[in-house]
Amino acid sequence: MNWNNILSSDCTVCKLGPRMVYPIFRCGFTSIRATADKTYVNEEIKTKNIDVLIRDPADRFMSGVNEYARQNKVEVEDTWNLIAQNKLINKHFAPQYVWLMHLQKFHKGTVTLYPFKDIKKFTKKHTHKWSTLSATEKEPVAQIEEFVDKDFLLLKYLNKTLTIKELLKNVLS
């Protein structure tokens, strides 16, 4: 996959009270950004540890595909087909490990991974709740291995702190 479009965009970390949080699309991104006390971009990111919410990869992929289709007013099935043919990449469904690779460009310290269900520990605001969508507003999609397989490996590091380099090495090797 060609992740250059994602990896070359700005990297933003948000200060939420005492926490520094890296928001990932479909993992509380909008809520975290909306309640941030301050945001840091690229070289401004200077902290020892950054907290990251990690969502179940299959659920996030389905949510991201549906959100992309909704925003672009296209059918979910058409969106999925383009993704499966390697003709479409977007931040809404790009793997979470790719987001972490992007963070590593500007952060060499540690990260602490938290399950997405812990979002209330980060912010009381929770916009775009996937679970509140009606059945007609979300369409199940099959997982595409390249978009979820390595993210499932991230789950074993939930509630753990390690260097971002070590985390990515463990997930990508």
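This passage describes the overall fold, the nonpolar core and several individual residues of the protein.

The structure is a predicted model, in which local features need pLDDT of at least 70 and side-chain atom pairs count only at pLDDT 80 or more, while totals for chains, interfaces and linings use all residues. Residues are numbered from 1 along each chain as its sequence is written, and side-chain values use heavy atoms, with hydrogens and water left out.

We begin with the overall architecture. The protein contains eight helices and six strands, where helices (H or I, at least four residues) and strands (E, at least two) are DSSP runs numbered from the N terminus. Read from the N terminus, the order of elements is α-β-β-α-β-β-α-α-α-β-α-α-β-α. With a radius of gyration of 16 Å, close to the 16 Å that the globule rule gives for 173 residues, the protein is as compact as a globular protein of that length; the radius is taken over C-alpha atoms, and the rule is 2.2 Å times the number of residues to the power 0.38. Along the principal axes, the C-alpha atoms fill a box of roughly 40 × 35 × 30 Å.

Turning to burial and packing, 47% of the 173 residues count as buried. Here buried means under 20% relative accessible area, exposed means over 50%, and partly exposed lies in between (1.4 Å probe, protein chains only). Contacts (heavy atoms within 4.5 Å) often link distant parts of the chain: among those with a separation of 6 or more, 80% join residues 24 or more positions apart.

The largest nonpolar core has 54 residues, such a core being a set of buried Ala, Val, Leu, Ile, Met, Phe, Trp, Tyr and Cys residues joined through side-chain atoms within 4.5 Å. Tyr-22, Ile-50, Val-52, Phe-61, Leu-103 and Leu-167 have the most contacts inside this core. Of these, Val-52 touches Tyr-22, Ile-24, Leu-100, Val-111, Thr-112, Leu-113 and Tyr-114, with residues up to four places away in sequence not counted.

A polar residue is buried as well. Gln-96, in helix H5, counts as buried because its relative accessibility is 0%. Beyond its neighbours within four places in sequence, Gln-96 is in contact with Ile-24, Cys-27, Leu-53, Ile-54, Arg-55, Pro-57, Arg-60, Asp-151 and Leu-154.

The loops offer some contrasts. Pro-18 sits between strand S1 (12–16) and strand S2 (19–21) and is exposed, because its relative accessible area is 82%. The C-alpha atoms of Pro-18 and Ile-54, 36 residues apart in sequence, are 19 Å apart in space. Ile-89, in the loop between helix H4 (76–84) and helix H5 (96–104), counts as partly exposed at 26% relative accessibility. Although 87 residues separate Ile-89 from Asn-2 along the chain, their C-alpha atoms are 8.0 Å apart. Ile-89 touches Met-1, Asn-2, Trp-3 and Ile-6, leaving out residues up to four places away in sequence.

Two asparagines deserve a look for their backbone geometry. Asn-42 is not a glycine, yet has a positive phi of about 50°; this residue lies in the loop between strand S3 (38–41) and strand S4 (49–54) and is buried, at 12% relative accessibility. Asn-159 likewise has a positive phi, of about 65°. Its loop runs between helix H7 (145–154) and strand S6 (160–163), and Asn-159 is exposed, with a relative accessible area of 52%.
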